[in-house]
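Here is a short briefing to keep beside the model as you look around. Take the points in any order you like.

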Amino acid sequence: MASVHEAEDMTPSFFIGQHESKRLTIISPHVVQGAHESGYDMLTSPITNNHFHSRVLSLLSSHLSNLYPLSYDATGTMGTAPNTKVLEVPALSPDDTPLTPNDSISQIVGVTSSWVDLCSPDPLIADISRQVLLLEVAYAAFCGISYLVIPGPRLHHGIIYSEGVVYYARAIQDALGLGPFIQFHVWLKMIDNTELDADEMGDLAPFAREEYLLSSDEQPFRVDAYGTWDAWDIVRTVCRYHARLFVALSLPRHLPSMSVQLRWHSEPVHLLTIDATSFIKNQKGYPVLSKTHQALISRFMRLRTAPWILLCDADPIHTEEDADNTRRIDRPPLDSSNYPTLAQAAAHGKRYHDSTPHLSYIRNLQHRQPPRSPMERFGIGYQDYLQAPLQPLTVNLESITYEVFEKDPIKYEWYEQAIGKALSDWLEQKKPTSGPDGRVVLAVVGAGRGPLVTRALQASKATGVEIEAWAVEKNPNAFILLQRHNQTAWGGKVNVVKSDMRSWKGPRRDSSSPTPDQAPVGQTIGIDGSLLCAPSESGAREECSSSGAVDILVSELLGSFGDNELSPECLDGVTHLLNPEHGISIPASYSAHLTPISAPKLHADISAQRSTNPAAPETPYVVMLHAIDYLSTSQPTVSISSPLHISSSGSNNGGSGTRSLTSTPPLTLEMPSPIVQAAWSFSHPNPNIPIPAPGESVVSNAHNVRRTRLTFPCQHHGVCHGLGGYFETVLYRNIELSTNPVTMDAKSPGMISWFPIYFPLKSPLYIPDDAEVVVSMYRLTDDRKVWYEWMVEVFKLERNSISTSTGCSTPVMSDARMASPGADNGHGRAKQSQRKIFGHGEIRRVRIGISEVHSTIKDGCLM
Ligand SMILES: C[S@@+](CC[C@H](N)C(=O)[O-])C[C@H]1O[C@@H](n2cnc3c(N)ncnc32)[C@H](O)[C@@H]1O
């Protein structure tokens with residue numbers, strides 16, 4: 001975590017490189033030094049040069065002139081020998097490459113040749129391209145290059161579209177094996193737009209033989225907003241989400257829709273490339289980026305692994321001769337020991353006029369990035385970092401874990417308000433108390449280190465309603481601290497009990513025992529075992545004649561999915577102590593919420609763990625979801641005021657979205673809002689707790705079983721890697737906490753205690769356009785433990801002829817139910833759209849994918 005602390009207070013720093021598509025300069029250490037002096041952090045270099053290119057072209061032409069005409073063989077296939085007679089590209093010669101291993105190699109990003117066509121329908125061209133790529137990768141690996149950029153697959157060959165991407169993917173898979181220390185970046189445009197593609201002189205693609213191309217009068221022109229993402233999806237799927245495979249994303253002059261931008265935001269983009277042509281000129285004639293570009297860069301720079309920026313064909317760097325002159329005048333010869341660090345090189349600054357205005361602009365943008373918000377500082381290092389959920393019931397928490405909870409600026413404040421309101425209501429409604437002296441009896445169960453006890457005392461003071469305070473905690477170590485707080489901070493006013501709340505007898509009413517006011521300050525009156533109820537022989541809970549009732553029961557036993565730390569089971573065990581007529585539980589209720597997400601990075605991390613931990617893909621993880629894309633969204637309606645705002649508010653409360661992180665100038669961006677639905681809920685006190693049957697030692701927990709089946713409309717195609725899980729809780733009346741991205745900013749903005757939970761899928765599921773994702777989820781129990789099961793189905797929705805076109809901006813819905821019965825999921829808008837679409841005609845639902853049933857039964861939470 002060292003790097004986390006270092007980075008904590010900084011604004012995001014940009015690592016900027018320079019790329020020239022027709023670079024002729026050999027990138028020597030002096031050229032790299034010149035680039036540093038200009039303010040660049042790295043440079044690209046081609047792996048091979050024009051000499052090599054010409055050699056391959058002449059080889060190809062002579063090979064093609066010697067080939068037999070193509071013919072179909074006996075089985076009707078084409079493209080097998082002798083039609084694809086092998087052409088072997090000979091090994092590189094010294095004249096073929098500008099690269100030499102040297103001290104500056106670590107500052108160089110290698111770029112493989114863009115003139116190849118790995119996707120060519122002509123097997124000869126595809127094979128030569130593959131050989132060229134692998135020769136280049138092998139030599140780059142030999143030279144010690146750590147970062148390679150590989151131009152993305154060519155998607156169009158006349159009217160053939162995207163057919164060869166699998167060949168491209170297969171070649172990348174081979175390349176990953178050849179360069180085991182290289183990070184590979186597939187260089188992709190944000191969208192597929194044939195208008196922006198042009199053949200360059202010497203490209204291999206036009207050499208594809210006509211026999212392999214389909215002739216047609218059709219116009220091949222097309223714009224596909226997700227076309228390049230689709231290609232990426234194929235590549236990374238074939239390469240099994242390889243940990244060294246990344247995206248280099250080229251930003252066009254006009255950015256695509258926010259949905260497309262957010263899709264790329266969820267992918268492992270490690271390079272953002274910006275061509276000089278993507279800049280516009282400001283009034284003074286300086287190159288600048290549009291506001292939407294600025295916003296996109298800001299969002300990316302907030303990622304855990306912020307991408308580097310590559311300025312392409314923008315500002316030239318010093319040439320070799322310039323650098324030589326510099327060396328002759330005032331520089332010692334360079335070797336690895338006196339090579340400047342990046343910081344030194346950058347600090348040296350520029351001596352002349354601004355010869356790098358694009359770079360200066362990006363540096364300026366860097367300095368204008370707002371500092372990290374408290375929320376960001378807290379979350380730094382945790383973004384997309386998988387953690388096993390806590391099990392505070394079976395494992396005793398460490399003090400440091402409590403300390404992290406206690407840093408939350410909202411949770412305790414809201415609890416204090418809820419307790420204050422409950423106390424005021426008690427007074428106002430003149431309800432009888434359970435305290436023998438008329439005080440309201442308030443117990444914090446699961447008190448931890450006592451922050452809620454402190455808040456309860458403050459609420460009592462603020463409202464003037466006196467309380468008899470009890471703190472019950474089963475963690476023996478936290479109990480020590482509770483006793484100390486009672487001595488030092490609470491003036492001995494609190495009755496501190498070390499007990500599992502489920503076996504606590506309740507406030508002691510034995511006249512012979514001291515009341516807290518009689519006890520010496522700091523004395524703990526509830527520590528002895530006599531206060532614990534043991535089940536009687538009959539199995540029924542023993543009557544605790546010396547115990548009183550509790551008026552207000554305060555607890556915080558919630559996990560990231562609400563009930564996953566067994567709050568229902570724990571509170572069931574203490575509910576019998578609650579004042580039967582007027583008793584209040586804070587929280588009064590909580591609900592679990594879900595949405596399907598695309599989370600390629602999490603999928604890759606979990607897949608990597610699979611060999612050592614087979615249970616990894618069936619474990620729900622606590623994770624600060626960041627590089628994810630919501631697959632089910634309501635379409636843009638919301639104007640937001642921050643470029644870092646990742647998701648926006650839902651319809652039901654008017655709140656803003658999940659990650660409102662900065663205070664940069666207002667921008668009107670249209671953000672899709674995730675559709676997050678309630679799976680189930682629990683209320684306390686629960687009137688349905690069964691009475692143990694005579695002679696039964698185990699009380700049935702069947703009333704805490706839950707089951708749901710939720711339908712999520714998905715407008716755009718994508719890949720579902722798992723489910724994002726959240727909770728909402730009503731503490732008291734209108735005081736609520738929420739981690740649901742749709743409601744969190746309205747209900748408890750800035751709350752940091754809980755990250756979402758992630759339920760992974762073992763195998764990702766492809767979702768087509770206009771589809772429905774149906775999630776079935778269970779909370780199950782065998783009366784000893786609780787576990788979850790989940791599965792996902794994908795349906796393609798097909799309209800009949802009388803349906804409207806697909807151009808609508810509202811997700812299509814079948815007649816499938818959106819929410820489990822009784823769950824107020826707050827998605828009236830989505831339901832409305834369902835009805836609206838239905839008015840237009842029949843929709844046929846075709847199941848096209850189904851996941852396994854995932855289960856945590858082996859690692860269930862012990863009750
Ligand atoms: C999430 S922590 C909350 C601690 C504290 N109330 C706070 O808000 O900072 C939950 C606490 O409940 C305690 N706990 C969980 N189950 C319990 C049980 N059945 N009986 C007593 N304490 C329990 C845990 O040891 C832990 O201290």
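A nitrogen atom of the ligand sits 3.0 Å from an N or O atom in the side chain of Asp 500. Bear in mind that the model is a predicted one. After the ligand site, the points below turn to three helix pairs and then to some backbone features.

**Around the ligand**

- The ligand is surrounded by 21 residues, and the closest are Tyr 402, Tyr 412, Gly 446, Glu 473 and Met 501.
- Tyr 402 places an N or O atom of its side chain 2.5 Å from an oxygen atom of the ligand.
- Tyr 412 also reaches a ligand oxygen, with a polar side-chain atom 2.7 Å away from that oxygen atom.

**Helices α14 and α15**

- Helix α14 (residues 411-428) packs against helix α15 (residues 451-463) at an angle of about 45°, and their axes are 8 Å apart.
- Because of that angle, α14 counts as oblique to α15.
- The crossing in which α14 passes α15 is right-handed.
- On the α14 side, the contact is made by Tyr 412, Glu 413, Tyr 415, Glu 416, Ile 419, Gly 420, Leu 423 and Ser 424. On the α15 side, Pro 451, Leu 452, Arg 455, Ala 456, Gln 458, Ala 459, Ser 460 and Thr 463 take part.
- Sorted by character, the residues of this contact between α14 and α15 are eight nonpolar, five polar and three charged.
- Tyr 412 is a residue to look at twice: it is among the α14 residues that meet α15, and its side chain has a polar atom 2.7 Å from a ligand oxygen.

**Helices α5 and α6**

- The axes of helix α5 (residues 165-178) and helix α6 (residues 227-238) come within 8 Å and cross at roughly 40°.
- That crossing angle is why α5 is described as oblique to α6.
- Here, α5 passes α6 in a crossing that is right-handed.
- From α5, the residues Val 165, Val 166, Tyr 168, Ala 169, Arg 170, Ile 172 and Gln 173 meet α6. Their partners in α6 are Ala 231, Ile 234, Val 235 and Val 238.
- The residues of the contact of α5 with α6 comprise nine nonpolar, one polar and one charged.

**Helices α7 and α8**

- Helix α7 (residues 258-265) and helix α8 (residues 291-301) have axes that come within 11 Å and cross at roughly 25°.
- The angle between them therefore makes α7 roughly parallel to α8.
- The crossing of α7 past α8 is right-handed.
- Met 258, Gln 261, Leu 262, Trp 264 and His 265 of α7 form the contact with Leu 296, Arg 299 and Phe 300 of α8.
- By type, the residues in the contact of α7 with α8 are five nonpolar, two polar and one charged.

**Backbone features worth a look**

- As background, most residues other than glycine have a negative phi, and most peptide bonds are trans.
- Ser 162 is not a glycine, yet it has a positive phi of about 60°. You will find Ser 162 in the loop between β6 (160-161) and α5.
- The peptide bond running from Ile 586 to Pro 587 is cis, and its omega is near 10°. Pro 587 belongs to the loop between β19 (584-586) and β20 (589-598).
- A cis peptide bond also links His 684 to Pro 685, with omega near -5°. Pro 685 is located in the loop between β25 (677-683) and β26 (706-714).

Methods. Residues are numbered from 1 along each chain as its sequence is written. This is a predicted model: local features need pLDDT of at least 70, side-chain atom pairs count only at pLDDT 80 or more; totals for chains, interfaces and linings use all residues. Side-chain values use heavy atoms; hydrogens and water are left out. Axes are lines fitted to C-alpha atoms, for helices over the stretch in contact, and angles run from 0 to 180 degrees between N-to-C directions. Helices (H or I, at least four residues) and strands (E, at least two) are DSSP runs, numbered from the N terminus. Angles under 35 degrees count as roughly parallel, over 145 as roughly antiparallel, 65 to 115 as roughly perpendicular and the rest as oblique. A crossing is left-handed if the near helix is turned anticlockwise from the far one by less than a right angle, and right-handed if clockwise. Contact means heavy atoms within 4.5 Å. Ala, Val, Leu, Ile, Met, Phe, Trp, Tyr, Cys and Pro count as nonpolar, Asp, Glu, Lys and Arg as charged, and the others, Gly among them, as polar. A residue is near a molecule or strand if one of its heavy atoms lies within 4 Å of it. A polar contact is a pair of N or O atoms within 3.5 Å; within protein, one must be able to donate a hydrogen and the other to accept it, and residues adjacent in sequence count only if both atoms are side-chain atoms.
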